Structures are given as C-alpha cells and as structure tokens.
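Work through the exercises below with the sequence and the coordinates at hand. Each task is followed by a worked solution.

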Amino acid sequence: MAIKFERVSYQYQGHDEKAYLALSDINVNIEKTGEFITLIGETGSGKTTLVQHMNALLQPSEGRVHIFGLKIDRNTKKEGKVKLNPIRKKVGLVFQFPEYQLFEETVEKDIMFGPKNFGISQKKALELAKRMIKVVGLDESYLSRSPFNLSGGEKKRVSIAGILAMEPDILILDEPTSGLDPIGRNALLKVFYDIHKTLNKTVIIITHDMNTVYEYAKRVLVMREGVLVFDGSPLALFSRKNIENWNLDIPDIVKLKTALSEKFNINIEDSPRSREALFKSIKAVIKP
Ligand SMILES: Nc1ncnc2c1ncn2[C@@H]1O[C@H](COP(=O)(O)OP(=O)(O)OP(=O)(O)O)[C@@H](O)[C@H]1O
Ligand SMILES: [Mg+2]
C-alpha cells in the first residue's frame with residue numbers, strides 16, 4: 001500500500017475564527033502501482049484538499065495518512081521528524097492552478113527545478129526538460145520563454161511537464177485538462193494513460209468530465225461535502241439508481257446507449273465505454 005488514509009478529517013482555519021470542515025473521516029487506500037483513478041465531485045466537495053494530503057502538502061487535523069511508510073498526522077510539522085521533501089518526489093502533484101506552480105524566469109528552468117532539487121545533474125535535468133516539453137505537446141522553442149507570458153493551456157502543459165520531469169512513482173493531476181481544447185485534452189489524457197500502461201504507475205486525475213471517467217478510469221472516487229461517498233468502478237457508479245443526488249453528469253456513452261436501446265427496443269448487453277465500442281455493440285444487435 002503506497003498511501004493509506006485512516007479516519008482523516010481536515011479543517012481550514014477561517015478568517016473569522018470559523019473553522020471549515022473540508023474533509024470528514026476519510027478512509028481510503030491507494031496502491032503503489034497499476035491504478036488509474038479518477039476523483040470527482042461537485043465544486044467545493046474537497047477533492048483538492050484530499051489530494052493535497054497525498055503528498056503531505058496538508059497534514060490532517062484528525063487521523064493519519066501513511067505515505068510510503070511514513071506517518072503524517074497533526075503533529076508531523078511540529079515534531080519535524082518526518083522529512084516531507086522526499087515524499088514530494090515520490091508523489092508528484094500537478095496543481096489545479098498552474099500559476100501556483102510556475103515561478104522561474106524561463107520554462108526550461110521551471111521544468112528543471114524539480115529534478116535539480118532532487119539531486120539530478122544539470123545535464124540530465126536539461127535532457128528531461130527537452131523530453132517532457134514534447135511529451136506535453138509543446139516544442140523546444142517554448143523552453144526559452146517566460147512561463148508568465150503563456151496562454152492558460154500552455155501554462156497548464158508546462159506545469160505538467162515539470163512534474164513529469166521528476167519521474168514520480170505516483171502521479172496526481174488536479175484538473176489537468178480544464179481549459180484545453182478537445183484535441184489537446186484527448187492527447188494529454190493519452191499521455192497520462194500511457195504512463196500508467198507502459199510504466200504501470202498509479203495515476204490519479206481530478207476531473208469534472210464524466211466522459212473521461214467512464215472511458216479511462218478503473219476506479220472512481222466520489223467526494224460530496226467532504227465525505228468520500230463512493231469508491232468503485234465507473235460501471236458500478238453510473239448504474240446506481242440515485243446518482244442524480246450527487247449532482248454528477250451522466251457520460252455521453254451511457255446516455256446514448258440508453259436512448260438507442262429505448263428508441264429501437266434493442267438490448268445492448270455489454271457496457272461499451274467508448275464511442276467505437278458502442279458502435280460495435282450496436283452493429284452486433286442490429287442485423288440488416
Ligand atoms: N484556504 C482555504 N481556507 C478556507 N477554506 C478553504 C480553503 N481552501 C478550500 N476551502 C474550502 O474547503 C472546501 C473544499 O475545497 P476544495 O478546494 O478541496 O474543493 P474542490 O472539490 O477541489 O473544488 P473545485 O472543484 O472547485 O476545485 C470548499 O468549501 C472551500 O471553500
Ligand atoms: Mg479543486
């Protein structure tokens with residue numbers, strides 16, 4: 001087990017002395033390898049707060065998180081016994097807002113920052129920067145530019161390249177495709193899926209896009225008002241009866257399958273997860 005939450009609650013201390021309970025009694029386990037998880041839930045449900053506990057950016061107010069064998073609880077910072085920096089290398093977190101992550105004068109320096117911080121040589125870090133800028137769909141000419149003069153989507157890609165360059169064991173992406181055009185979004189999703197497939201790494205993606213959840217995820221976590229209300233497969237999630245109560249959209253494929261089944265009175269037995277698979281299933285039922 002790479003990450004284990006035990007009865008974790010987290011309170012933000014508000015300005016007006018009111019504490020806000022953002023996570024409530026969370027128990028969840030994440031494996032070191034082989035997982036492809038999407039984390040969903042409406043705005044303000046605690047998704048970002050949850051993943052910030054996975055690399056110890058935040059420490060629980062109650063309960064504990066075990067990260068690669070290190071115990072993190074409310075006393076961790078005060079005691080100073082656990083070194084948090086190595087955790088950030090093992091569990092790479094791409095922030096929801098790239099502005100929080102980019103701060104160097106050039107894109108190249110920004111991407112090289114993580115690897116160099118973790119003891120990689122200048123030469124190897126530069127190689128990584130050149131490789132990762134391409135992996136995220138930009139060319140080398142971006143390396144000499146200032147990260148602050150990029151478009152929102154370009155900033156997002158650079159911030160992802162910076163985390164990929166650290167070659168973390170677990171990769172967590174907080175809404176990595178928001179604000180990207182559909183082609184760019186699909187290309188990046190394929191990049192994350194390839195990392196999972198070829199290197200067998202655990203990848204966790206926060207998203208509001210239910211199509212992504214349905215097509216890619218092996219496992220879905222649903223947050224609602226600070227509580228983890230679902231942990232299971234996308235198929236199980238979207239065949240639940242009361243799913244509307246959670247304010248989640250239904251994936252296009254599920255809507256289409258239901259509409260076609262009703263309209264033509266056919267029974268599509270398997271559960272296709274992509275458009276291509278749905279067309280195949282329909283062809284199998286509708287004989288000319
Ligand atoms: N720094 C903060 N101080 C006080 N409250 C906060 C702080 N950050 C977040 N919160 C509150 O905690 C709750 C959970 O926030 P969080 O950012 O984890 O939600 P989220 O599910 O990631 O939402 P979104 O989909 O909009 O990104 C929200 O109600 C939010 O207002
Ligand atoms: Mg968020």
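The exercises concern a predicted model and treat its metal site, a ligand shell and a sheet.

**Exercise 1.** Identify which residues coordinate the magnesium ion (ligand 2), and place them in the chain.

Solution. Step 1: the donors are OG1 of T48 and OE1 of Q96, at 2.0 to 2.3 Å. Step 2: T48 belongs to helix 1 (residues 47–52), while Q96 sits in the loop between strand 6 (91–94) and helix 4 (107–117). Step 3: the two residues are 48 residues apart, so the pair links distant parts of the chain. Step 4: is T48 buried, partly exposed or exposed? Buried requires under 20% relative accessible area and exposed over 50%; T48 has 24%, so T48 is partly exposed.

**Exercise 2.** Describe the surroundings of ligand 1.

Solution. Step 1: the shell holds 14 residues, the closest being G44, K47, T48, T49 and Q96. Step 2: helix 1 gives the largest share, 3 residues; strand 2 and helix 1 each supply at least two. Step 3: oxygen atoms of ligand 1 lie 2.7 Å from a side-chain N or O atom of K47, 2.5 Å from a polar side-chain atom of T49 and 2.9 Å from a side-chain N or O atom of Q96. Step 4: of the 640 Å² of accessible area that ligand 1 has on its own, the protein covers 65%.

**Exercise 3.** Determine the strand order of the open sheet and which strands stand at its edges.

Solution. Step 1: the order of the 4 strands is 2-1-4-5, with antiparallel pairing. Step 2: strand 2 (19–30) and strand 5 (70–72) each have a single partner strand, so both are edge strands. Step 3: neighbouring strands are turned by 30° against each other on average, direction ignored. Step 4: strand 1 (residues 3–13) and strand 4 (residues 62–67) are joined by 5 bridges; S9 has E62 in strand 4 as its bridge partner.

How values were computed
Residues are numbered from 1 along each chain as its sequence is written. Chains are lettered from A and ligands numbered from 1 in the order in which they are written. This is a predicted model: local features need pLDDT of at least 70, side-chain atom pairs count only at pLDDT 80 or more; totals for chains, interfaces and linings use all residues. Side-chain values use heavy atoms; hydrogens and water are left out. Donors are N, O and S atoms within 2.8 Å of the metal (3.2 Å for Na, K and Ca); water is not among the atoms, so sites may look incomplete. Buried means under 20% relative accessible area, exposed over 50%, partly exposed in between (1.4 Å probe, protein chains only). Two strands pair if DSSP finds at least two bridges between them. Axes are lines fitted to C-alpha atoms, for helices over the stretch in contact, and angles run from 0 to 180 degrees between N-to-C directions. A residue is near a molecule or strand if one of its heavy atoms lies within 4 Å of it. A polar contact is a pair of N or O atoms within 3.5 Å; within protein, one must be able to donate a hydrogen and the other to accept it, and residues adjacent in sequence count only if both atoms are side-chain atoms. Accessible areas come from the Shrake-Rupley method with a 1.4 Å probe; for residues, only the protein chains shown count as cover.
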